[in-house]
Amino acid sequence: MTQALPKTSNLQTFMDTGLALFANPPHKVADLSEETVRFGRKELDLALVEMPGLAALREEFAGKAPLAGARISGSLHMTVQTAVLIETLVELGAEVRWASCNIFSTQDHAASATVVGPGGTHNAPKGPAVFAWKGETLPEYWWCTLQALHWPSADGPNLILDDGGDATLLVHLGAEYEQKAQEPDPASAQNHEEEIVLTLLREVRRERGDNFWRPMAERIRGVSEETTTGVHRLYERVQNGTLLFPAINVNDSVTKSKFDNIYGCRHSLVDAIMRATDVLIAGKKALVCGFGDVGKGSVQSLRGQSARVAVTEIDPICALQACMMGIDVITVEDALADFDIYVTATGNKGILTAAHMKRMKHNAIVCNIGHFDNEIDMAGLEELAAAGEVEKIEIKPQVHEFKFKNTTHGPGGRGHSILVLAEGRLVNLGCATGHPSLVMSASFANQVMAQIELHQNAEKYGKTVTVLPKHLDERVARLHLAKFGVKLTELSGEQADYIGVPVEGPYKPEHYRY
């Protein structure tokens, strides 16, 4: 890793990372070699051409700096596309500190190019602070998140750009423990990751006292949230009366939810499975758990390779939609005997359990494209491995065989195996390169507009969650139409009056479902 930290006797390192919480390194990425930086910069140049929304926003706001004075702490997958987002925010006047929101999703050349910046060199970086590398441990991940939130030369962030809500979570939990005058107790944690978070909060408190998080929270004007799970967390806080600053729900903008969740997954799911396993998908029986937007894109992805696809659903409307597409709706238990591929896409937890995986056919492929790492019961698998009932074998990074020793439906009546991709985390980012640039251009154009709106007008929102209004959603779409050579039909005044909309839009009511 670059940027060696000072080794002094008074710097307490965090858990087993060897990293001090407040050593204040300017960055920490995997590799700042000239070749890696060159590769990353070329990828960024190519991606920008495929991200017309961000390119258009750079052109529109050139010389205007609508984000001047913004200090943005970002927690979002550190990919090539995210690097273009970061440099767009910087061009619009913001200062930025960044961490990935996933231990496997960082593209190391993108992180390096971001640190160096368009005007720097590998020997003299001039870009923003990035703390991300592929293959972080969980303690390293939470260390990185803290670095993105801690601004050594300033008063901390005044905006958060989040994906999954971890940066927002850390600020809120830290402030809550300070308000209660209570030291976090890792022994009270319900799982390993919560134990890490509470340990970090405890160590921050011991080093910085009981007034570190509350002032930070007071300075934050708002957060824009990228994904379903993070939005769910925010709405829970609104209901509980514990949200500390305004939030903009980017995830439910149509140009995010449809483009990222449907069309992005349609592109990247089979890409990841094929890179990871090289299996032929055609003819295989595949189960997609969940038929929301992510599930719909995943089904299209697998059907595009001529897999035989079924889905699971709890929602009768989504189930009926699946029926209208000629897709069987079954339960996980129905699929265990003879399905070849399992994809979780629900945003919920405990979808595929260790007991399920014990019954799957030999060499079934198991992966997740929903959110977080708990849709697939990785903890249960690891417990079986610790007990000697399962052997965990690394085939290559982010591809593991779990070989069951006590089952009898494997080769020769012996134990069967399953192949788990990305250790249950997002397979398209762990085993491939995520969504393509043009899809992310739509998502990230929403993010940029949300950050500008919060920076300039946070006071009008209050401590609640707001979806970007329809006219901005339509604007994001317009920014991308030229890329496809689109010529829109224009309403006459009479036609607009007839259907009760402005000539210039928006053309659908807020409740409309595309």
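The exercises below, each with a worked solution, concern a predicted model.

**Exercise 1. The parallel sheet**

Task: State the strand order of the open sheet of 7 strands, and say which strands are its edges.

Solution.
Step 1. The order in this open sheet is β3-β2-β1-β4-β5-β6-β15, and the pairing is parallel.
Step 2. An edge strand pairs on one side only, which holds for β3 (129–131) and β15 (465–467).
Step 3. From one strand to the next, the twist averages 20 degrees.

**Exercise 2. Pairing along the sheet**

Task: For the pairs β1 with β4, β4 with β5, and β6 with β15, find how many bridges there are, and name a residue pair that stands opposite in each.

Solution.
Step 1. Strands of a sheet are paired by backbone hydrogen bonds, in a parallel or an antiparallel sense.
Step 2. β1 and β4 are joined in the parallel sense over 4 bridges, and S73 stands opposite I160 in β4.
Step 3. β4 and β5 also pair in the parallel sense, over 4 bridges; here L161 is opposite S224 in β5.
Step 4. Strand β6 (residues 247–249) pairs with β15 in the parallel sense over 3 bridges, with I248 opposite T466 in β15.

**Exercise 3. The side chains of β4 and a helix across it**

Task: Which way do the residues L159, I160, L161 and D162 point from β4, and are they buried or exposed? Which strands does helix α6 lie across?

Solution.
Step 1. L159 and L161 point to one side of β4, while I160 and D162 point the other way.
Step 2. These four residues are all buried, that is, under 20% relative accessible area.
Step 3. Helix α6 (residues 166–179) lies across β1, β4 and β5 (222–225), and runs at about 135 degrees to β4.

**Exercise 4. A salt bridge between two helices**

Task: Locate the partners of the salt bridge between R214 and E178 and classify their accessibility.

Solution.
Step 1. The closest N and O atoms of R214 and E178 are 3.5 Å apart, and the cut-off for a salt bridge is 4 Å.
Step 2. R214 belongs to helix α8 (residues 213–219) and E178 to helix α6, so the salt bridge ties together parts that are 36 residues apart in sequence.
Step 3. R214 has 24% relative accessibility and therefore counts as partly exposed.
Step 4. E178 is buried, because its relative accessible area is 4%.

**Exercise 5. A salt bridge within one helix, and one between loops**

Task: Describe where the partners lie in the salt bridges R206 with E203 and E459 with R221.

Solution.
Step 1. In the salt bridge of R206 with E203, the closest N and O atoms are 3.8 Å apart.
Step 2. R206 and E203 are about one helical turn from each other, because they are 3 residues apart in helix α7 (residues 192–208).
Step 3. R206 is exposed, with a relative accessible area of 52%, whereas E203 counts as buried at 16% relative accessibility.
Step 4. E459 and R221 form a salt bridge whose closest N and O atoms are 2.7 Å apart.
Step 5. E459 sits in the loop between α17 (437–457) and β15, and R221 in the loop between α8 and β5, so this pair ties together parts that are 238 residues apart in sequence.
Step 6. E459 is exposed, its relative accessible area being 59%; R221 counts as partly exposed at 23% relative accessibility.
Step 7. One network of salt bridges with shared partners joins E183, R202, E203 and R206.
Step 8. The structure holds 20 salt bridges.

**Exercise 6. The hairpin**

Task: In which sense do β12 and β13 pair, and which residue in the turn has a positive phi?

Solution.
Step 1. Strand β12 (residues 390–396) and strand β13 (residues 399–404) pair in the antiparallel sense over 6 bridges.
Step 2. Within this pairing, E394 stands opposite H400 in β13.
Step 3. The two strands form a hairpin with 2 residues between them, and Q398 in the turn has a positive phi of about 70 degrees.

**Exercise 7. A nonpolar surface patch**

Task: Which residues form the nonpolar patch on the surface, and where is V486 found?

Solution.
Step 1. The patch is formed by F484, V486 and L488, which together have about 310 Å² of accessible area.
Step 2. V486 is in the loop between α18 (470–481) and α19 (493–499).
Step 3. V486 counts as partly exposed because its relative accessibility is 38%.

Conventions:
Residues are numbered from 1 along each chain as its sequence is written. This is a predicted model: local features need pLDDT of at least 70, side-chain atom pairs count only at pLDDT 80 or more; totals for chains, interfaces and linings use all residues. Side-chain values use heavy atoms; hydrogens and water are left out. Patches are made of residues with over 30% relative accessible area and no salt bridge: like charges are joined within 9 Å, nonpolar side chains (Val, Leu, Ile, Met, Phe, Trp, Tyr) within 5 Å. Accessible areas come from the Shrake-Rupley method with a 1.4 Å probe; for residues, only the protein chains shown count as cover. A salt bridge is a side-chain nitrogen of Lys or Arg within 4 Å of a carboxyl oxygen of Asp or Glu. Buried means under 20% relative accessible area, exposed over 50%, partly exposed in between (1.4 Å probe, protein chains only). Two strands pair if DSSP finds at least two bridges between them. Axes are lines fitted to C-alpha atoms, for helices over the stretch in contact, and angles run from 0 to 180 degrees between N-to-C directions. Contact means heavy atoms within 4.5 Å.
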